[in-house]
Amino acid sequence: MRELGYNEGKNVAFEPRYAGGKFERLPALAEELVRLKVAAIVTSGGVTLRAAMKVTTTVPIVIATGDDPAAAGLVPSLARPGGNVTGVTSLGVGLTAKRFELLREVVPNL
């Protein structure tokens with residue numbers, strides 16, 4: 001971030017929240033971030049994404065990691081999640097099958 005000109009406390013601030021494994025706290029923590037008028041909410045996907053989506057449709061929500069939000073029914077598709085949601089995900093399970101499929105095409109007698 002510093003290389004891009006951002007310095008914490010000067011022109012950028014981070015407002016971390018931690019539920020301590022108590023998922024019931026997530027909606028209140030997300031509401032607090034919205035009240036603080038943060039520029040974006042970064043989630044780890046799944047339960048945290050769902051909590052953030054319930055409290056805002058305008059603050060950008062960035063999925064930093066996690067399962068497939070499209071398969072979980074949280075967004076319409078990975079290519080076009082829609083609304084205020086974007087980010088990255090790890091699709092190891094889905095990619096493994098695709099890799100074997102491609103390998104069979106390249107090496108048919110394998």
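This is a guided tour of a predicted model, going from a pocket to a group of charged side chains and then to three buried residues.

**The pocket**

Begin with the largest pocket, which has a volume of about 650 Å³. To find its centre in the viewer, select Glu15, Leu33, Ala40, Ile41 and Val42, since these are the residues that lie nearest to it among the 23 that form the lining. Next, colour the elements that give two or more residues to this lining, namely α1 (26-35), β1 (41-43) and α2 (47-55). Of the contributions to the lining, the largest share comes from α1, which supplies four residues. If you then colour the lining by residue class, you should find 18 nonpolar residues, together with three polar and two charged ones.

**The charged side chains**

Keep Glu15 selected, as it is one of the residues nearest the centre of the pocket, and add Arg17, whose side chain meets that of Glu15 in a salt bridge with an N to O distance of 3.4 Å. Now add Glu32, which forms a salt bridge with Arg17 as well, the closest N and O atoms here being 3.2 Å apart. Arg17 lies in the segment before α1 whereas Glu32 belongs to helix α1 itself, so this pair ties together parts that are 15 residues apart in sequence. With the three side chains shown together, you are looking at a network of salt bridges that links Glu15, Arg17 and Glu32, and a search of the whole structure finds two salt bridges. Side chains of opposite charge can pair when their charged atoms come close.

Are these three residues buried, exposed or something in between? Switch on the surface and check each in turn: Arg17 is partly exposed, at a relative accessible area of 28%, Glu32 is partly exposed at 29%, and Glu15 is partly exposed at 40%.

**Thr56 and Asn84**

Move on to Thr56, in the loop between α2 and β2 (61-63). Thr56 is buried, because its relative accessible area of 5% falls under the 20% cut-off. Which backbone atom does the side chain of Thr56 reach? Display the backbone of Thr58 and look at its nitrogen, which the Thr56 side chain reaches at 3.1 Å. Setting aside residues up to four places away in sequence, Thr56 touches Val34, Ile41, Ile61 and Asn84; of these, Ile41 has already appeared among the residues nearest the centre of the pocket.

From Thr56, step across to Asn84, which is found in the loop between β2 and β3 (85-87) and counts as buried at 14% relative accessibility. A polar atom of the Asn84 side chain lies 2.6 Å from the backbone oxygen of Val59. When neighbours within four places in sequence are left aside, Asn84 is in contact with Thr56, Thr57, Thr58, Val59, Pro60 and Ile61, so it is useful to show this whole stretch while Asn84 is selected.

**Ala51**

For the last stop, select Ala51 in helix α2, one of the elements that line the largest pocket. Ala51 counts as buried, with 8% relative accessibility. Its contacts, leaving aside neighbours within four places in sequence, are Leu26, Pro27 and Ala30. Finally, draw a C-alpha to C-alpha distance from Ala51 to Ala28, which should read 8.6 Å for two residues that are 23 residues apart in sequence.

Conventions:
Residues are numbered from 1 along each chain as its sequence is written. This is a predicted model: local features need pLDDT of at least 70, side-chain atom pairs count only at pLDDT 80 or more; totals for chains, interfaces and linings use all residues. Side-chain values use heavy atoms; hydrogens and water are left out. On a 1 Å grid over the protein atoms alone, a cavity is a set of points where a 1.4 Å probe fits but cannot get out, and a pocket is an open set with protein on both sides within 12 Å along at least five of seven lines; lining residues have an atom within 4 Å of a point. Grid points are joined across faces, edges and corners, and a volume is the space filled by probe spheres set on the points. Ala, Val, Leu, Ile, Met, Phe, Trp, Tyr, Cys and Pro count as nonpolar, Asp, Glu, Lys and Arg as charged, and the others, Gly among them, as polar. A salt bridge is a side-chain nitrogen of Lys or Arg within 4 Å of a carboxyl oxygen of Asp or Glu. Buried means under 20% relative accessible area, exposed over 50%, partly exposed in between (1.4 Å probe, protein chains only). A polar contact is a pair of N or O atoms within 3.5 Å; within protein, one must be able to donate a hydrogen and the other to accept it, and residues adjacent in sequence count only if both atoms are side-chain atoms. Contact means heavy atoms within 4.5 Å.
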